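Hi,

Here is the structure I promised to pass on. Have a look at it first, and then read on for my notes.

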Amino acid sequence: FMTLFTNILIGLALLVVLITLILGFFALMDRTPEGRARSNKMMRYRVYAQGTAIAVFALALYLKSRGG
């Protein structure tokens, strides 16, 4: 059960990273200062999402090493 749960969490975390990356990229295509600010904001969210994804992945590895 825990393996399935962590696999789902990893998938969701990676999906969030992908979505924020795409949104940040499209915001970057807007050459206005507002578009640049929006892009920077989305890329900052992407970094947070990547950190969360790495933490979830580390948790899944830890749980798997314990036999869970």
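To start somewhere specific: in which helix does S39 lie? S39 lies in helix α2. Keep in mind throughout that this is a predicted model.

**Overall picture**

The chain has 2 helices and 0 strands. Its C-alpha trace spans about 50 × 15 × 10 Å along the principal axes. The radius of gyration is 16 Å, whereas a compact globule of 68 residues would come in near 11 Å. Buried residues account for 24% of the 68 residues. The chain exposes about 5,200 Å², and 73% of that comes from carbon and sulfur atoms. If you take the contacts between residues at least 6 apart in sequence, 59% of them join residues at least 24 apart.

**The two helices**

Helix α1 covers residues 2–28, which is 27 residues. From first C-alpha to last it reaches 39 Å, close to the 39 Å expected at 1.5 Å a residue. Helix α2 covers 33–65. Its 33 residues should span 48 Å at 1.5 Å a residue, and the end C-alpha atoms are indeed 48 Å apart. So for α2 the span agrees with what is expected.

**How they pack**

Which residues of α1 are buried? They are T6, I10, A13, V17, T20, G24 and A27. What covers them includes α2. On the other side, the buried residues of α2 are G35, S39, M42, R46, A49, A53, V56, A60 and L63, and these pack against α1. When you look at the numbering in those two lists, it helps to recall that an α-helix has 3.6 residues a turn, so residues three or four places apart point the same way.

A few individual residues fill in the picture. T6 sits in helix α1 and, because its relative accessibility is 6%, counts as buried (the cut-off is under 20%). Which residues does T6 touch, leaving aside its neighbours within four places in sequence? T6 is in contact with V56, A60 and L63, and those three are among the buried residues of α2.

Back to S39: is it buried or exposed? S39 is buried, with a relative accessible area of 4%. Setting aside neighbours within four places in sequence, S39 is in contact with G24, A27 and L28. Of these, G24 and A27 are listed among the buried residues of α1.

G35 is also in helix α2, and its relative accessible area is 0%, so it is buried. Not counting residues up to four places away in sequence, G35 touches A27 and D30. G35 and G24 are 11 residues apart along the chain, and their C-alpha atoms are separated by 9.4 Å. A27 turns up in the contacts of G35 and in those of S39.

**The loop and the salt bridge**

How many salt bridges does a search of the whole structure find? The search finds 1. In that salt bridge the side chains of R38 and D30 meet, at 3.0 Å from N to O. Neither partner counts as buried: R38 is partly exposed, with a relative accessible area of 41%, and D30 is partly exposed at 27%. D30 is also one of the residues that G35 touches.

R31 lies in the loop between α1 and α2. With a relative accessible area of 66%, R31 is exposed. Where F5 is concerned, the C-alpha atoms of R31 and F5 are separated by 41 Å, with their positions 26 residues apart along the chain.

**After α2**

G67 is in the segment after α2, and just there it takes a positive phi of about 90°. Is G67 buried or exposed? G67 is exposed, with a relative accessible area of 68%. G67 and R38 are 29 residues apart in sequence, and C-alpha to C-alpha they are 43 Å apart in space.

If you want somewhere to begin in the viewer, try T6 with V56, A60 and L63, then S39 with G24, A27 and L28, and finish at the R38 and D30 salt bridge.

Cheers

How values were computed. Residues are numbered from 1 along each chain as its sequence is written. This is a predicted model: local features need pLDDT of at least 70, side-chain atom pairs count only at pLDDT 80 or more; totals for chains, interfaces and linings use all residues. Side-chain values use heavy atoms; hydrogens and water are left out. A salt bridge is a side-chain nitrogen of Lys or Arg within 4 Å of a carboxyl oxygen of Asp or Glu. Buried means under 20% relative accessible area, exposed over 50%, partly exposed in between (1.4 Å probe, protein chains only). Helices (H or I, at least four residues) and strands (E, at least two) are DSSP runs, numbered from the N terminus. The expected span of a helix is 1.5 Å times one less than its number of residues. Contact means heavy atoms within 4.5 Å. The radius of gyration is taken over C-alpha atoms; the globule rule is 2.2 Å times the number of residues to the power 0.38. Accessible areas come from the Shrake-Rupley method with a 1.4 Å probe; for residues, only the protein chains shown count as cover.
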